[in-house]
Every structure is written in C-alpha cells, then in structure tokens.
Amino acid sequence: MSDLTAPIPAIAPASTAAPVRQFHHALGEEHEHQPGEATLLGFWIYLMSDALIFATLFATFGVLRQNYAGGPAPKDIFDLSLVALNTAFLLISSITFGFSMLAMDQKKVRATQAWLVVTALFGASFVAIELYEFGHLIAEGATPQRSAFLSAFFTLVGTHGLHVTFGLVWITVMLVQVGQRGLTGENQRRLMCLSLFWHFLDVIWIGVFTFVYLLGMIR
C-alpha cells in the first residue's frame with residue numbers, strides 16, 4: 001500500500017524572465033527614434049510659433065493700415081520698383097539655397113559652401129536695400145511715430161528684416177562648421193533646419209510684398 005503521507009515533489013514554475021526581457025526589448029525596438037528627429041520636431045514647433053508672431057503683426061497692420069493721421073499714405077512713400085528688386089533678391093536666394101542642399105546630399109563640401117556664400121550675398125543685398133528704404137523714409141519724415149500706419153509698417157517689415165539678418169549670421173556659422181568638420185550628420189541636420197527657416201522667410205516676404213506694398217499702392 002502506497003504511503004499517502006509522502007511529500008509530493010514540487011514542480012518548478014516555468015521561468016518567465018526571458019519572455020519578459022524579450023517583450024521589453026521588442027517594445028524598445030518599436031520606440032527607437034532616428035537621430036535628429038527631436039531636433040527637427042523642435043524646430044518645426046519654433047517655426048509655428050514664429051508664424052503666429054507674424055500673423056499677429058499682419059493682423060495689426062491690417063487694422064492700422066488706413067490710420068494715416070494726416071501723414072503720408074503708401075502711394076506717397078513706397079517705391080514699388082525698388083521693392084520688386086528686393087523681392088527678386090530674396091526669391092533668388094531661396095533657389096541658391098536649394099542648390100546648396102542638393103550639393104549637401106551629394107556630399108560636396110566645397111559646392112555646399114559656395115552656394116551658401118551666394119545665398120548670403122543675396123540675403124545681405126536684401127537687408128541693405130531694406131535699410132536704404134527705411135533711411136529714405138525717415139529722411140522724408142515718415143518715421144514710426146508719424147502715424148499708426150507707419151508704426152505697423154516699420155514693425156512688420158523690420159521684424160522680417162531682423163529674421164533675415166539672423167539667418168545671415170546662421171549661414172556664416174554653418175560655413176565655419178562645415179569648413180572645420182565637413183558634412184557630418186549634425187551639420188546636415190542644422191543645414192536642413194536653416195533651409196526651412198530661410199524658405200519660411202521667403203513665404204512671409206511674399207505676404208508682406210502682396211499685403212503691404214501691392215495692396216497699399218492699389219488703394
């Protein structure tokens with residue numbers, strides 16, 4: 001007769017450590033991000049916030065554009081041919097920046113730098129003409145304090161000009177970094193962000209040229 005009081009052998013539980021580790025490893029693989037994704041995402045967020053700033057300035061100008069306070073109107077102070085030339089400079093700079101990005105994709109360091117220099121020259125010409133325009137207006141008495149229209153005009157156009165100036169500084173920094181380190185992954189991401197910024201300024205300027213200058217001359 002079998003001994004009913006004999007202890008029953010314990011059955012060792014199957015180890016679940018390995019499957020759990022594999023599960024977490026698989027989750028980790030699914031959530032891996034490509035290098036630089038956070039940088040590009042953060043820069044897109046910055047561009048959206050910048051777009052909101054310009055939208056506010058456009059709205060303010062739209063409200064104040066007919067408040068001349070007895071001062072000069074757009075037809076009295078705008079030189080449309082000069083502004084058209086300035087617009088052409090900025091649009092051409094966007095094309096030359098595109099050539100720089102194509103050279104970057106082909107890993108051509110010298111060509112990338114050369115097109116960046118050409119872009120900077122067009123951008124600097126744009127800023128110089130804008131400063132000339134501001135100086136000419138102020139010399140004629142069309143200062144920001146003269147009317148609400150002029151205050152809104154100088155604020156909107158001047159803010160865009162400051163952005164272009166910052167873009168020129170950024171291009172200079174990238175020329176130095178590409179010359180020292182080449183087209184590394186980090187430099188390529190920075191150039192991509194700079195490209196987005198520069199094209200963004202072109203889009204904003206098209207709005208300025210149309211809404212401020214063309215409509216101002218028509219009305």
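Which residues does Ser93 touch, not counting residues up to four places away in sequence? I started my notebook with that one, and I kept in mind throughout that this is a predicted model.

**Entry 1: Ser93**

I looked up the contacts and found Thr119, Phe122, Gly123, Trp198 and Asp202, with residues up to four places away in sequence left out. Ser93 itself sits in helix α4. Its relative accessibility is 0%, so I wrote Ser93 down as buried, the cut-off being under 20%. I then checked where its side chain goes: it reaches the backbone oxygen of Leu90 at 2.5 Å. I also took one distance across to Trp115. Ser93 and Trp115 are 22 residues apart in sequence, and their C-alpha atoms are 9.3 Å apart in space.

**Entry 2: the whole chain**

Next I stepped back for an overview. I counted seven helices and zero strands in the protein chain, and along the sequence the pattern reads α-α-α-α-α-α-α. Of its 219 residues, 38% count as buried. I also looked at contacts with a separation of 6 or more, and residues 24 or more positions apart account for 81% of them.

**Entry 3: helix α4**

Back to the helix that holds Ser93. Does the length of α4 fit what its residue count predicts, or what span should I expect? Helix α4 covers residues 80–105, and at 1.5 Å a residue its 26 residues should span 38 Å; the end C-alpha atoms are 38 Å apart, so the two agree. I listed the buried residues of α4 as well: Val83, Asn86, Thr87, Leu90, Ser93, Ser94, Thr96, Phe97, Ser100, Met101, Ala103 and Met104. These buried residues pack against three helices, α5 (109–139), α6 (148–181) and α7 (185–218).

**Entry 4: helix α5 and Thr112**

I gave α5 the length check too. Its 31 residues should span 45 Å at 1.5 Å a residue, and the end C-alpha atoms are 45 Å apart, which agrees.

Is Thr112, a residue of α5, buried or exposed? Thr112 is buried, because its relative accessibility is 0%. Its side chain reaches the backbone nitrogen of Met104 at 3.2 Å, and Met104 is among the buried residues of α4. With neighbours within four places in sequence set aside, I found Thr112 in contact with Ser100, Ala103, Met104, Leu183 and Leu191.

Arg110 lies in α5 as well. At 69% relative accessibility, Arg110 counts as exposed, the cut-off being over 50%. I noted one long step in sequence here: Arg110 and Val178 are 68 residues apart along the chain, and their C-alpha atoms are separated by 9.2 Å.

**Entry 5: positive phi values**

I went through some backbone angles next. As background, most residues other than glycine have a negative phi.

Where does Ala69 lie? I found Ala69 in the loop between α2 (37–64) and α3 (74–77). Although Ala69 is not a glycine, its phi is positive, about 55°. Its relative accessibility is 59%, so Ala69 counts as exposed.

Lys107 belongs in this entry too. Its place is in the loop between α4 and α5, and its phi is near 60°, again a positive value in a residue other than glycine. Lys107 counts as exposed because its relative accessibility is 52%.

I added Gly141 to the list: just after α5, this glycine takes a positive phi of about 95°.

**Entry 6: the cavity**

My last lookup was for enclosed space. How many cavities of 30 Å³ or more does the structure hold? I found one, and the largest cavity has a volume of about 40 Å³. Its lining is made of Leu82, Val83, Asn86, Ile129, Glu130, Glu133, Trp205 and Tyr213. The elements giving two or more residues to that lining are α4, α5 and α7. Sorted by class, the lining has five nonpolar, one polar and two charged residues. Val83 and Asn86 were familiar names by then, since I had already written both down among the buried residues of α4.

**Loose ends, for rereading**

- Ser93 in α4 and Thr112 in α5 are the two buried side chains I followed, with partners at Leu90 and Met104.
- Lys107 follows α4 and has a positive phi.
- The cavity lining draws two or more residues from each of α4, α5 and α7.

Methods: Residues are numbered from 1 along each chain as its sequence is written. This is a predicted model: local features need pLDDT of at least 70, side-chain atom pairs count only at pLDDT 80 or more; totals for chains, interfaces and linings use all residues. Side-chain values use heavy atoms; hydrogens and water are left out. Helices (H or I, at least four residues) and strands (E, at least two) are DSSP runs, numbered from the N terminus. The expected span of a helix is 1.5 Å times one less than its number of residues. Buried means under 20% relative accessible area, exposed over 50%, partly exposed in between (1.4 Å probe, protein chains only). Contact means heavy atoms within 4.5 Å. A polar contact is a pair of N or O atoms within 3.5 Å; within protein, one must be able to donate a hydrogen and the other to accept it, and residues adjacent in sequence count only if both atoms are side-chain atoms. On a 1 Å grid over the protein atoms alone, a cavity is a set of points where a 1.4 Å probe fits but cannot get out, and a pocket is an open set with protein on both sides within 12 Å along at least five of seven lines; lining residues have an atom within 4 Å of a point. Grid points are joined across faces, edges and corners, and a volume is the space filled by probe spheres set on the points. Ala, Val, Leu, Ile, Met, Phe, Trp, Tyr, Cys and Pro count as nonpolar, Asp, Glu, Lys and Arg as charged, and the others, Gly among them, as polar.
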